[in-house]
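Trainee: I have a model open and would like to read it properly. Can we go through it step by step?

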Amino acid sequence: MSDELLAKRACSVILTINMAVLLAVIIVLRLRRRTQARSRLDEKATVIIVLVFGVLVAPTAFGQGVLDIVTQLARGISQSGSP
């Protein structure tokens, strides 16, 4: 790969991580509010923000680690349920 392509990828990864951090802060602030104070539109906006956060985090090393942990947990649960 050329140096220019590597620089573009590095910038993209940094931007993705920065956006993910910003969305994580927004999610925490939104979820701290009382449930009774939320409207349906507010809940829908929170769901969309969480989905975008998941899409941004998924290709990162952290996202892959979370995927591995959830996969192992799901396998453990399914194996413990079968005789």
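Trainee: In what order do the elements of the protein run from the N terminus on?

Mentor: This is a predicted model, in which local features need pLDDT of at least 70, side-chain atom pairs count only at pLDDT 80 or more, and totals for chains, interfaces and linings use all residues. Residues are numbered from 1 along each chain as its sequence is written, and side-chain values use heavy atoms, with hydrogens and water left out. Helices (H or I, at least four residues) and strands (E, at least two) are DSSP runs, numbered from the N terminus. The protein has three helices and zero strands, and the order is α-α-α.

Trainee: Which element has the highest mean pLDDT, and which the lowest?

Mentor: pLDDT is the predictor's confidence in each residue, from 0 to 100. The protein has a mean of 77, and 75% of its residues reach 70 or more. Where pLDDT is low, the predicted coordinates should not be read in detail. Among the elements, the highest mean, 85, belongs to α2, and the lowest, 72, to α1.

Trainee: What percentage of the residues count as buried?

Mentor: Buried means under 20% relative accessible area, exposed over 50%, and partly exposed in between (1.4 Å probe, protein chains only). The protein has 83 residues, and the buried share is 14%.

Trainee: How much area does the protein expose?

Mentor: Accessible areas come from the Shrake-Rupley method with a 1.4 Å probe; for residues, only the protein chains shown count as cover. Carbon and sulfur atoms supply 68% of the exposed area. The total is about 6,900 Å².

Trainee: Which residues make up the largest nonpolar core?

Mentor: A nonpolar core is a set of buried Ala, Val, Leu, Ile, Met, Phe, Trp, Tyr and Cys residues joined through side-chain atoms within 4.5 Å. This one has six residues in all: A20, L23, I27, I49, L56 and V57. At least two of them come from each of α1 (3-31) and α2 (40-57). So the helices to look at here are α1 and α2.

Trainee: Why does L23 count as buried?

Mentor: L23 lies in helix α1. Not counting residues up to four places away in sequence, L23 touches I49, V52, F53 and L56 (contact means heavy atoms within 4.5 Å). L23 counts as buried because its relative accessibility is 11%.

Trainee: How far apart in space are L23 and I49, C-alpha to C-alpha?

Mentor: In sequence, 26 residues separate L23 and I49. In space, the C-alpha distance is 6.9 Å.

Trainee: Which residues is I27 in contact with, leaving aside its neighbours within four places in sequence?

Mentor: I27 is another member of the largest nonpolar core. With those neighbours left aside, its contacts are I49, V50 and F53.

Trainee: Which residues form the nonpolar patch on the surface?

Mentor: Patches are made of residues with over 30% relative accessible area and no salt bridge; like charges are joined within 9 Å, nonpolar side chains (Val, Leu, Ile, Met, Phe, Trp, Tyr) within 5 Å. L22, in helix α1, is partly exposed at 45%, and M19, also in helix α1, is partly exposed at 36%. About 230 Å² of accessible area is shared by M19, L22 and I26.

Trainee: Which residue forms a salt bridge with D42?

Mentor: A salt bridge is a side-chain nitrogen of Lys or Arg within 4 Å of a carboxyl oxygen of Asp or Glu. Side chains of opposite charge can pair when their charged atoms come close. By this rule the count is one. The closest N and O atoms are 2.2 Å apart, and the partner of D42 is R30.

Trainee: Which helices does this pair link?

Mentor: The two residues are twelve apart and sit in distant parts of the chain. D42 is buried, with a relative accessible area of 13%. D42 belongs to helix α2, and R30 to helix α1.

Trainee: Is T46 buried or exposed?

Mentor: T46 has its place in helix α2. Leaving aside neighbours within four places in sequence, T46 is in contact with R30 and L31. Its relative accessible area is 11%, so T46 is buried.

Trainee: Where is G63, and which residues is G63 in contact with beyond its neighbours within four places in sequence?

Mentor: G63 is in helix α3 (residues 61-81). G63 is buried, with a relative accessible area of 10%. Its contacts, those neighbours aside, are V57 and A58.
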